[in-house]
Amino acid sequence: MKHALALLALLAGCATAPQPAIEPAGAPAPAPAARVESIAVASLLDSARSDTEAGQLASAAASLERAIRIEPRNPRLWHELARVRLKQGDYAQAESVAARSNSWAAGDNALRAENWRLIARAREARGDAAGARAALDAAERQR
Amino acid sequence: MARRAKFWGHLRLGLLALVLLAAGFTLYLDFRVRSEFEGRRFALPARIFARPLELHAGLRIALADVIDELQRTGYREQARDGEPGGFARGADEIEIAQRPFVFWDGPQPAKRIRVAFDGGRVAAVRDAQGGELPLARLEPLPIGGIYPGNNQDRVLVRLAEVPKHLVHALIATEDRSFYSHHGFDLRGIARAAGSLVTGSGLQGGSTLTQQLVKNFFLTPERTLRRKLTELVMAMLLELHYGKDEILETYLNEIYLGQDRDRAVHGVGLAALHYFGKPVQHLTLAESALLVGLAKGPAVYDPYRHAQRALERRNLVLRETKDRGYATLEQYAAARAAVLGVNPKASMGTSPHPAFLELVHRQLRREYDEADLRSEGLRIFTTLDPRVQSTAERVLAKKLAQFDKEKRFGAAGLEGAIVITDSQTGEVQALVGGRDPGFRGFNRALDATRPVGSLLKPAIYLTALADPSRYTLVTPIDDGPFVWKSLGAPDWEPANYDQKFHGAVPLRTALAQSYNVAAARLGTDLGIERVLATVKRLGIEREPPPYAATLLGAVELSPFEVAQMYQTIASGGFRTPPRAIREVTTQDGRPLRRYAIAMEQAFAPETMYLLAFAMQGVVREGTAQGLNAWLPPESAVAGKTGTTDEQRDAWFGGFTGDRLAIVWIGYDDNRAARLSGAAAALPVWGELMASLQPEPLALSRPDGIEEVLIDPQSGLRADGGCPGALELPFARGSAPVERAQCTSALGIAVEEVKQRAKSWLERLFGN
């Protein structure tokens, strides 16, 4: 076992030594989405949450949209917006916005699973039982 | 006897008729005066605002841009710790004394903030005590109104908001016995009668009530009958309404000037127009100027006849002092003050009529035109004044340069620009022509022109949606091609360079905008399928189902193209471009929010591949010229478009934060020497460079894997292949066959590395 590992390491080392220039074809790899929000976004998230608790859903959505304008690639913000849409009974938008969150959530499996569960609830509320099951399966696959 | 009785009978009947007639006339006048009074009190145009600037640490904005926006909103430079509505600038810092403002989500009180800058970014936002503020929202720039048919504009004020000294100056000057008379003033009438006898015409002597009545019925005739009618109506008005109600209506009704094609009515708007501040903050001297204007806004126009205006103001001040409304000290101080009118009367008819038209059209879908013109709605839009001004400036400059060089044809080129937030679909700017202040043909919305190659992404998107048949490296035949269809002449598309290029990889066919390859691919896929993609991208009109449509023989407006590209820029989520965020009533009660709405129209993997290929257009294709303006790291995705006989030049593209569509052409649609790369791209490049774009970092979906490809053969490569490219593929769709350059050892090493990697991953978790 030890020997096998050593051999692998050796082979890997050999292969990387005479590395030919590989032209980067695409854009620089996307930086992982900022996990720590700026103070501006954090304060908007706070007011969105307290508005949600107070049942002020339109106001909560407005705060989240303000935050999204500042950090449009922050999947957490889109997720929070999807939750508000779900609470508002706007199931189509809840599903779309959760999917939008997923599109920025590469590498954050926990958030992706949350989004899929949210999509499942939105589909269930719309009477799409099969779609809801598929979404729950997708949530399961995010581990 | 009988005759006498008969005479008296006739007389009585006649008198009765006369009384009835007079009563009827009075009733009629009563009805008119009341309906006018009630109606006038509430006829308010909708007021439209740009997006509020939200300052927070980290925001990329220069101090000069913040100052520019503050000045356009009517803030003035002043010493530190000054009045609300001013700012004090330091080297890398600004203090803003914010005026109170009612936003969609409630009132924001006046407050003082300090904003520090560091190298084109906001370093910190603090309150007056030095505490850090997470976010500061500035008062939004008013960008125009939707006026009643007669172009009257006003900002309704309550009597309580009007400073006492303004009311006093008005009463002292115009109607000293206002609080005691019943609508008319006997001495005034006597004076008027005197002037009638002397033949100098009826004038003067009108009470405020009479002046108000006169304003209701705008004919300027000066007859005795008219004067009597006015008198009766004034008395009726006094009968129905209290002095304060009449005064308040007068203050809102009075005509105080002209601002281009907009009539300035009321002290609320006049305060903003002449002094750039709400009426509450007017000084005695400023109030006296407005009161003086009532006699003749053109005669005493402070912009045109400063001296006359100053003399008139000082006369008003003297009357105010003489009536005991101002102390000698107050009088002396006010008299010593300069006129102090706003240097630029910027609140006029919208400086951005093209954008305003978009707002108006979106509003008309839900509101009655009459309500828009009279209910005083407050409309909060998405316009970014900085982006809008930059777009206007760049287009005008570039077109002037093109005209001068006559590179594309005779002078008189026109253009249009649409800019949106690529993530939310908010319209940040809309330019309808080279003269942005001209409220004429709005090319961004109404010029429908062939889109040329701007439609090609729809063909490649249709192909890439089927990864089992098409990948970025699938060879597409760019050899001679004839399309035969029943009842139509043969269609033989040609390339821009009049050559054929044989088999080219799909991504190259798009990057080089090869027409023949695109036509062949589009007809192979099926025209109907490509058109279905166009529709799913957000185009509502039905393009003709002909093969020529594939190469852009379909006419769309720049705004429609923006809609289509928006779906690509936002990763396959169809997001209708929005120009309005919120609508409130005049007193700030929210009526409607226009939320971000979207619908997933394409799989993220497919959209990723298309956007990647469109980055190739800029990196190595027809839009390489963009490198003159933006560094390669910007990784812009875009597409050039040129139409038959080079009549239209297009460029559509997006960065990490914005999408912009540029069209250049002649209004008469003449043949020219235009091309997307030569005419539209420089405008796009200079525009985006001025806006310092965020680089486009595409978010890679799960279902995408990157594979080394040998560009020569389009086959799988390894470390041994010179010039190998890492390209994205929908998982499992990459070529399996190996290129000749791969060594047996190289492949073996790759496989071992892969296996070791996954084994280690399993071992340590992900």
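**Exercises on chain B of a predicted model**

The buried residues of α14(B) pack against α2 (63-72), α12 (353-364), β16 (414-421), β17 (427-431) and α22 (676-690) of chain B. Helices (H or I, at least four residues) and strands (E, at least two) are DSSP runs, numbered from the N terminus; a residue is buried if 20 or more other C-beta atoms, placed from the backbone, lie within 10 Å of its own; and two residues are in contact if their C-beta atoms, placed in that way, lie within 7 Å.

This is a predicted model, in which local features need pLDDT of at least 70 and side-chain atom pairs count only at pLDDT 80 or more, while totals for chains, interfaces and linings use all residues. Residues are numbered from 1 along each chain as its sequence is written, and chains are lettered from A and ligands numbered from 1 in the order in which they are written.

**Exercise 1.** Compare the expected span of helix α14 of chain B with the distance between its end C-alpha atoms, and describe its buried residues.

*Solution.* The expected span of a helix is 1.5 Å times one less than its number of residues. For the 21 residues of α14(B), residues 385-405, this gives 30 Å, and the end C-alpha atoms are 30 Å apart, which agrees. The buried residues of the helix include B:Pro385, B:Arg386, B:Val394, B:Leu395 and B:Phe402. Just after α14(B), B:Lys406 takes a positive phi of about 50°.

**Exercise 2.** Determine how far helices α8 and α7 of chain B are enclosed by the rest of the structure.

*Solution.* In α8(B), residues 266-275, ten of the ten residues are buried, so the helix is largely enclosed by the rest of the structure. Among them are B:Gly266, B:His273 and B:Phe275, and just after this helix B:Gly276 takes a positive phi of about 65°. In α7(B), residues 243-253, eight of the eleven residues are buried, so this helix too is largely enclosed; B:Glu248, B:Tyr250 and B:Asn252 are among those buried.

**Exercise 3.** Set the radius of gyration of chain B against that of a compact globule, and add the overall dimensions and burial.

*Solution.* The radius of gyration is taken over C-alpha atoms, and the globule rule is 2.2 Å times the number of residues to the power 0.38. A compact globule of 766 residues would have a radius near 27 Å, whereas chain B has 35 Å. The C-alpha trace of chain B spans about 135 × 75 × 55 Å along its principal axes, and 49% of the 766 residues count as buried.

Terms used:
A residue is buried if 20 or more other C-beta atoms lie within 10 Å of its own, exposed if 12 or fewer, and partly exposed in between; C-beta atoms are placed from the backbone.
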